[in-house]
Amino acid sequence: MAEGGEISDDLSTDIKDWSTDQVRKWILRLNGVDEDVAETLRKEEVNGASLLLLDRTDLKDIGVSFGPAKLIIHARDELVEFREKQPGNACKPYPFGRNHDTYRYIENNILDTVESGASDFIEPCHEYKAFTQTTDETKMEKFIQEVIRFAAACMNSRTNGTIHFGIGDKQQGYSHGQILGVVVEDKEAYAMELKSAIDAHFEHKHKEAAQKCIKPPRFVGVLNRNMTSSDKCVIEVDIAPDSVICEDNVYHTYTQSLNSRKNKKKAKENPSSPEKLFYVRDGGSTRNLAKNTKEYEQFVENVMKLSELRKKAEENHLSDIKSSTQGSRLAQMITGGTLCLDKSRYEHYVVVTNKSHPRQLESLGFLVELNPTAVLDFDPESAKHGLLKYMDPLSTVSVHSPAEYKITEAVEDIAEKLKLTRSTSWIFCNGNGDHEQPCPFDKWLFSKGASVRDVISFLCRKDVLPNKRFLVIFLLLSAVSDRMDPLIETFRAFLQELGGMGQILCICDNEQGFTSWKNLIEAQCATDISDRCIYELSFAEVNGTILSLWSKNRISSRFLPCGGGSKVLLDKKVQRSLDTLEVLCVNECEGGNDDKITIEENFYRGGKVSWWNFYFSEQPGSTPFIKRDMFDFMKNTVIKELCSLKKACALLNLKHVTGCGGTTLAMHLLWDHRETFRCAVLRNNKADLTEVSQQVVKLLMYEDHEEKSPMVPVLLMIDDFDDEDKVSDLQQLIEAECVKKGIQSKSPQVLLLNCMRSQSSDPPETTTDTVFIGNHLSEKEQKLFEEKLTEIEKTHKNAETFYGFMIMKKNFKSEYIESVVHNTLKSFNINQSSSQLLAVLVLLNVYCKGSALSVSLCEEFLGLQSAYGTNKVEDGFGKFSNLIGRCSVESKVVFTGVKIIHSSIAKQCLHELPTAHGVKRADITDLLLNTDKLYESTQGRDKLLQDVRYILVKRQLAVIDESHFSPLIHDIARETPGLEELVLENAARRFKNDAVISQLLARYYYLKKRDFSSAKIWAKQARHLSKDSSYIADTSAQVIKHELKNAIEKNKEEPISPNTLKEYLKMAQEATEAFKETQRLAKKESIQRLSVKTDNNTQYVRVLGRSSGWSTHH
């Protein structure tokens, strides 16, 4: 390259990417610039990015003289201009005769239609005008002149046509059809001037026809190459000379208006008459036949024939009413065949989308209701004036960059940080215009492609979203016509990750866009996507179709109670932002439900009660929901007494025996108080309590008075907290949040209804803040259950399998439970996968409350994933299916799980398996620990590992004799003495990096086996895994202490020899040093805890107490 016009092959096409050496190389090729100048720029570290910013003053400052500096700047500017003019990819023109389509051009792309004459009269001819050589003063005149000339030619030739302003031609140095765009300050002026010009330039008798044939100008937006908005547009005018308008007329125009003042003045100065013109289309150009009499007369003679041909062409092109089935196909595909989104086979939706147009947004309301798990957005301006700006006020959105999805830690920990299943993760895949700049299509794959691929791989992992239970929707809001468009590579990535098209749906709103997308995908991915595309429906029709798929129970408006019986609308976004709470509204469930049978069956079989169960029982023809004897006492006495306390947050404990309906009673209380309290249930008892307290107070203060004195308190139900101290912590945090928000009141603003499982069926001591419900029905309650059973048997054919209901109806009689379990387990065979999975569920349910296996894991284990999840997991359990039920699990990610329907059933199964089938607890535990298939990458894996660890480690410290090990380990030792050692060794292999498991083995060897050598090995392993834990360090000390005590005990009948005494003293010294180390670590831990939470005095005392050494009972 001699003068900067072109870039040689060895230099990057993007100047800003040049290195200092590449800048030097480019300067050396410039005529008139010496090597010394090139070397100077290299020494000053001028790279491509800084070259673009240089001016002549900068060059002068570093010693470059005027002449070379001028040449460098000029060559640089030429190079930039040349780069900007480089043509892009082929694209289609804006649809003819349309004004409200959302189609936009991309700068430097090439219209793939040549300038032409009449072809079939209907297919428009095109004429391009760069519109760059005009001044502001002459622009309008040039526009009017060219439109009138082109319009008259099309009308005379009876052909449709479009004239484009802002499209380059070879004559101006551009590629033919190159999109340039022009800046238009006043769009209305163009429309008004054109309307006036039509009247002025056409003969009076043809003014009306011309106004009808010449359409108002449209202004098609031009996007920059990186898909950001520009201030440019292409001005287009369509000409449609319909036969009913033009008939057999011919159209003359005049060179100037006879009516305008400006032209009247010109006429006085130049008395000649306006020239009469007659334009026709001739190939790709417009000709004036007025001066060629022969050609003119021949054309006029032929007009009648032209008119007839035009009329026939119109008749041939009349569009038939399409008999489309795409509405029903959309309903089938988006629901997985269920035709109802509430019961859809898909639990999650992932949306991939590109540049939106403002006109489209009003038709995308279905996205709010669909509540996608993730949106991969390729519009860098989405937050400013795109889809994100539309969605953000209506839904809970978390904005992320692709880099956040790179796996750098445990997968479920990343998902939890991203709040992946709790809010919509919005991922900017081509920059966001602020912190990260977008890039053109041809650069995207190398600069951003890898990180977006990480996002796709992450979302498609089985332990993130359930396998074959999510749908990827490619929502094409802009046409995809470039083979380098990032959406094509994104499609390819999803296609590979999902193993086919079965979980992909493509939606666009026109056939032209579909054809382009289909052809590109077929060329790049060798896949025909026709059967998975919707393109014949407008977005308004897509919106209506999808919204109609929600069943009638989905209420658009939900209300919270306010003072004096008034209500306030609960904003949908606020509701979703309260993601730690399940909010119960005043009008919950109103509107009916078409799935009453399924919901009632799930509850009566032993599933968790839902608000629908209370709602159904209040409907005409139903018997009331059974009220336990304690219900009225709690409602009329206990809660009223709590409301008289002078504290911000009051606590009511509901202790209940497992499986006796305690949680149901608590939810029944909430349902009954939904008009007098703002009621909610804590979704996950492992949630961040600070966040919970903030959301509780947000619910309390929502749309309430500014006096900081809420009219309606919150009634919050919490269930199954492992540690009662956490309940107290939550109470204190809520009170602190009330103080922080300046809430003033003389009575409680928040009531905590704490459901606690009792280990004993005996009632505890009665206190003012504690109520107990046991596993024994009164005569009154038994009568209510009898009446309910009569109603159930009328509407449900399989009432005999409603074990949850029947256990209570039979007053928890063990004979009934034994009979059910014995008969169901007759075909149990531990070698079959369904039996193995049932045994695992039984063990987990007995020893870990709230445990469940994910549906995805069960399907994988049972081999039910052959055809996109069409087989129900219940079918895989066969005859055991009556013993299991589904539940929603709130873990790091929310997922659907499977559990044993009732705790009494689980306990009896664990009794039946060893006695009738020879399957002991040790066998099931070893199966659980050694079966790798249970821990393969699938949803709920982390929750399973937590539950398995819990049943191995968690001790019942209240039971002194059994405080050394968990109840499971004690039960295994009693049932099959000695096998607990094998179980613990298997646990160490499964949890090889877990210090507590190693510590557990150390404790087992020194307490049970008196094998102090092995105990020291495991204690050392535990210290290696957790060097700074006083809890782990204490075990090492305890091993030495017990070894010493054991040695003294063994030799107490014999006199102590000097060597023995020396050995004892050495051991005592080692134990003392170990306890000192434990105490040092404990103090360090206590200081760290106090810095985080200064009021945690009890924990501080507990830590120091444990480390006091010799008197510790380990």
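Is Ile1056 buried or exposed? At 55% relative accessibility, Ile1056 is exposed, and the side chain shares a nonpolar surface patch with Leu1061 and Leu1065. Keep in mind that this is a predicted model. The chain runs to 1114 residues, with 53% of them buried, and its secondary structure comes to 45 helices and 30 strands. Below is a quick tour, from the whole chain down to single residues.

**The whole chain**

- Along the principal axes, the C-alpha atoms fit a box of roughly 140 × 85 × 65 Å.
- Take the contacts between residues at least 6 apart in sequence: 72% of them link residues at least 24 apart.
- Accessible surface adds up to about 51,800 Å², and carbon and sulfur atoms hold 49% of that.
- On the charge side, there are 146 positive and 159 negative side chains. The centres of those two sets sit 2 Å apart.

**Surface patches**

- The nonpolar patch made by Ile1056, Leu1061 and Leu1065 covers about 300 Å². Ile1056 itself belongs to the loop that links helix 43 (1030–1050) with helix 44 (1058–1092).
- There's also a negative patch, built from Asp136, Glu137, Glu185, Asp186, Glu188 and Asp231.
- Within that negative patch, Asp186 comes from the loop between strand 6 (182–183) and helix 7 (187–201). Its relative accessible area is 44%, so Asp186 counts as partly exposed.

**Salt bridges**

- The structure has 56 salt bridges; a few are picked out here.
- Lys417 pairs with Glu409, with the closest N and O atoms 2.6 Å apart. Lys417 is exposed at 60% relative accessibility, while Glu409 is partly exposed at 32%.
- Lys518 pairs with Glu522, and here the closest N and O atoms are 3.3 Å apart. Both residues belong to helix 21 (residues 511–525), where they're 4 residues apart, or about one turn of the helix.
- How does burial look for that helix 21 pair? Lys518 is buried, though with a relative accessible area of 19% against a cut-off of under 20%. Glu522 is partly exposed at 36%.
- Lys943 and Asp947 form a salt bridge too, at 2.8 Å from N to O. They're 4 residues apart in helix 38, so about one helical turn separates them. Both Lys943 and Asp947 are buried.
- Salt bridges can also link up through shared partners: Glu127, Lys129, Lys142, Glu146, Arg149 and Arg281 make one such network.

**Two buried helix residues, up close**

- Asp947, the acidic half of the Lys943 pair, sits in helix 38 (residues 941–953). With a relative accessibility of 6%, Asp947 is buried.
- Setting aside neighbours within four places in sequence, Asp947 touches Leu844, Cys848, Ser851 and Ala852.
- Tyr1004 is part of helix 41 (residues 995–1009), and at 3% relative accessibility it is buried as well.
- What does Tyr1004 touch, once residues up to four places away in sequence are left out? Its contacts are Phe965, Glu980, Glu981, Leu984 and Lys1009.
- As for Pro763, that residue is 241 positions from Tyr1004 in sequence and 35 Å from it in space, C-alpha to C-alpha.

**Backbone oddities**

- Most residues other than glycine have a negative phi. Two exceptions are worth a look in the viewer.
- Arg158 has a positive phi of about 60° despite not being a glycine. Look for it in the loop between helix 6 (136–157) and strand 5 (161–165). With a relative accessible area of 1%, Arg158 is buried.
- Lys419 is another non-glycine residue with a positive phi, near 55°. This one is in the loop between helix 17 (411–417) and strand 16 (424–428). Lys419 is partly exposed, at 29% relative accessible area.

Note on methods:
Residues are numbered from 1 along each chain as its sequence is written. This is a predicted model: local features need pLDDT of at least 70, side-chain atom pairs count only at pLDDT 80 or more; totals for chains, interfaces and linings use all residues. Side-chain values use heavy atoms; hydrogens and water are left out. Buried means under 20% relative accessible area, exposed over 50%, partly exposed in between (1.4 Å probe, protein chains only). Contact means heavy atoms within 4.5 Å. Accessible areas come from the Shrake-Rupley method with a 1.4 Å probe; for residues, only the protein chains shown count as cover. Lys and Arg count as positive and Asp and Glu as negative; His and the chain ends are not counted. The place of a charge is taken as NZ of Lys, CZ of Arg, CG of Asp or CD of Glu. Patches are made of residues with over 30% relative accessible area and no salt bridge: like charges are joined within 9 Å, nonpolar side chains (Val, Leu, Ile, Met, Phe, Trp, Tyr) within 5 Å. A salt bridge is a side-chain nitrogen of Lys or Arg within 4 Å of a carboxyl oxygen of Asp or Glu.
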